[in-house]
Amino acid sequence: MQMEFFCFLIDQKKEMRRHRPVAGLCSRCGAAARVADMKTATRFCCVPFYFKHWKAIICTFCGATLKSYG
Ligand SMILES: [Zn+2]
(Lines give C-alpha, C1' and ligand atoms only; values in the text may rest on other atoms or scores of the structure.)
Protein backbone atom coordinates (compact mmCIF):
# COMPACT_ATOMS: atom_id res chain seq x y z
CA MET A 1 0.00 0.00 0.00
CA GLN A 2 1.46 3.28 -1.07
CA MET A 3 0.50 6.76 -0.07
CA GLU A 4 1.51 8.53 -3.23
CA PHE A 5 -2.03 9.50 -4.10
CA PHE A 6 -1.55 12.52 -1.93
CA CYS A 7 0.22 13.90 -4.94
CA PHE A 8 -3.11 15.15 -6.31
CA LEU A 9 -2.31 18.70 -5.53
CA ILE A 10 -3.29 21.53 -7.77
CA ASP A 11 -2.13 24.98 -6.94
CA GLN A 12 -1.89 28.27 -8.67
CA LYS A 13 0.92 30.73 -8.71
CA LYS A 14 0.09 34.31 -9.51
CA GLU A 15 2.79 36.58 -10.76
CA MET A 16 2.92 40.19 -11.76
CA ARG A 17 5.18 40.48 -14.76
CA ARG A 18 5.31 44.21 -15.23
CA HIS A 19 3.18 47.20 -14.71
CA ARG A 20 2.92 50.75 -15.82
CA PRO A 21 1.19 53.83 -14.51
CA VAL A 22 -2.35 54.44 -15.58
CA ALA A 23 -4.56 57.43 -15.07
CA GLY A 24 -6.73 56.44 -12.18
CA LEU A 25 -6.89 56.23 -8.45
CA CYS A 26 -7.52 53.31 -6.17
CA SER A 27 -11.06 53.41 -4.82
CA ARG A 28 -9.87 52.01 -1.51
CA CYS A 29 -6.83 54.05 -0.58
CA GLY A 30 -6.59 56.77 -3.24
CA ALA A 31 -3.10 55.82 -4.42
CA ALA A 32 -2.28 55.63 -8.12
CA ALA A 33 -3.57 52.46 -9.76
CA ARG A 34 -1.60 50.73 -12.48
CA VAL A 35 -2.21 48.38 -15.37
CA ALA A 36 -0.39 45.14 -14.67
CA ASP A 37 0.34 42.14 -16.86
CA MET A 38 -0.40 39.12 -14.73
CA LYS A 39 0.48 35.50 -15.22
CA THR A 40 -1.17 32.61 -13.48
CA ALA A 41 0.49 29.22 -13.58
CA THR A 42 -1.65 26.26 -12.61
CA ARG A 43 0.46 23.39 -11.38
CA PHE A 44 -0.30 19.75 -10.92
CA CYS A 45 2.15 17.94 -8.66
CA CYS A 46 4.46 20.95 -8.94
CA VAL A 47 4.52 20.68 -12.74
CA PRO A 48 3.04 23.68 -14.49
CA PHE A 49 0.56 22.59 -17.15
CA TYR A 50 -1.53 25.66 -17.77
CA PHE A 51 -0.59 29.30 -18.07
CA LYS A 52 -2.95 32.16 -18.29
CA HIS A 53 -1.98 35.71 -19.09
CA TRP A 54 -4.27 38.52 -18.17
CA LYS A 55 -4.32 42.17 -17.49
CA ALA A 56 -5.58 43.88 -14.43
CA ILE A 57 -5.76 47.32 -12.97
CA ILE A 58 -4.33 47.01 -9.52
CA CYS A 59 -3.25 49.26 -6.73
CA THR A 60 0.37 48.55 -5.85
CA PHE A 61 -0.07 50.33 -2.55
CA CYS A 62 -2.87 48.32 -0.93
CA GLY A 63 -2.99 45.43 -3.39
CA ALA A 64 -6.61 45.89 -4.43
CA THR A 65 -7.63 44.56 -7.83
CA LEU A 66 -9.80 47.28 -9.28
CA LYS A 67 -10.52 45.67 -12.60
CA SER A 68 -9.36 42.63 -14.52
CA TYR A 69 -9.47 41.80 -18.19
CA GLY A 70 -9.99 38.14 -19.15
ZN1 LIG B 1 -5.17 51.08 -2.96
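# A guided tour: two paired strands and a zinc site

Start by selecting strands β2 and β3: they pair in the antiparallel sense, with 12 bridges between them. Keep in mind as you look around that this is a predicted model.

**Stop 1: the whole chain**

Zoom out and show the chain as a cartoon. Which elements will you meet? The chain has 4 strands and 0 helices. Walking from the N terminus, you pass the elements in the order β-β-β-β. Now colour the residues by accessibility: of the 70 residues of the chain, 24% count as buried. The contacts are worth a thought too. Among those in the chain with a separation of 6 or more, 38% are made by residues 24 or more positions apart.

**Stop 2: the turn from β2 to β3**

Go back to the two strands and select residues 45 and 46. C45 sits in the loop that links β2 (32–44) with β3 (47–59), and C46 lies in that loop between β2 and β3 as well. The hairpin has 2 residues between the strands.

What is the phi of C45? It is near 55°, a positive value in a residue other than glycine. C46 also has a positive phi, near 70°, and is likewise a residue other than glycine.

Now switch on the surface. Is C46 buried or exposed? C46 counts as exposed, because its relative accessibility is 61%. C45 has a relative accessibility of 23%, so it counts as partly exposed.

**Stop 3: the nonpolar core**

Next, select A36, M38, W54, A56 and I58 and show their side chains. These 5 residues make up the largest nonpolar core. Two elements, β2 and β3, each give two or more residues to this core. Which of them gives the most? That is β3, with 3 residues. As background, nonpolar side chains tend to be buried together in soluble globular proteins.

Click on A36 and look across to β3: its bridge partner there is A56. If you leave aside neighbours within four places in sequence, A36 is in contact with M16, R18, H19, W54, K55, A56 and I58. Several names on that list may look familiar, since W54, A56 and I58 belong to the core you just selected.

**Stop 4: T40 and its polar contact**

Slide along to T40, which lies in strand β2. Is T40 buried or exposed? T40 has a relative accessible area of 10%, so it is buried. Draw a distance line from the side chain of T40 to the side chain of W54: the two make a polar contact at 2.9 Å. W54 is thus a residue to look at twice, as it is also one of the core residues.

To see what else surrounds T40, leave out its neighbours within four places in sequence. The residues in contact with T40 are then Q12, K13, K14, Y50, F51, K52 and W54.

**Stop 5: from β3 to β4**

Follow β3 onward to strand β4 (residues 65–69). These two strands run antiparallel and are joined by 4 bridges. For an example, select I57, whose bridge partner in β4 is K67. The hairpin of β3 and β4 has 5 residues between the strands, and in this hairpin G63 takes a positive phi near 85°.

**Stop 6: the zinc ion**

Finish by centring the view on the zinc ion. Which protein atoms are its donors? They are the SG atoms of C26, C29, C59 and C62, lying 2.3 Å from the ion. Along the chain, these donors follow the spacing C-x2-C-x29-C-x2-C.

Why is the arrangement tetrahedral? The 4 donor atoms subtend angles of 103 to 118° around the zinc ion, which makes the arrangement tetrahedral.

Now compare two of the donors. C59 counts as buried because its relative accessibility is 1%, whereas C62 is partly exposed because its relative accessible area is 30%.

Stay with C59, which lies in strand β3. Leaving aside neighbours within four places in sequence, C59 is in contact with C26, C29, A31, A33 and A64. Two of these, C26 and C29, are zinc donors too. As a last selection, pick the C-alpha atoms of C59 and L25: these residues are 34 apart in sequence, and their C-alpha atoms are 8.1 Å apart in space.

Technical notes: Residues numbered from 1 in each chain as written. Predicted model: local features only at pLDDT ≥ 70, side-chain atom pairs only at ≥ 80, totals over all residues. Heavy atoms only, no water. Buried < 20%, exposed > 50% of the residue type's maximum accessible area, 1.4 Å probe, protein only. Donors = N, O, S within 2.8 Å, 3.2 Å for Na, K, Ca; no water. Tetrahedral: all angles 85-135°; square planar, octahedral: opposite > 155°, others 65-115°. Polar contact = N/O pair within 3.5 Å; in protein donor to acceptor, adjacent residues only side chain to side chain. Contact = heavy atoms within 4.5 Å. Pairing = 2+ DSSP bridges. Core = buried A, V, L, I, M, F, W, Y, C linked by side-chain atoms within 4.5 Å.
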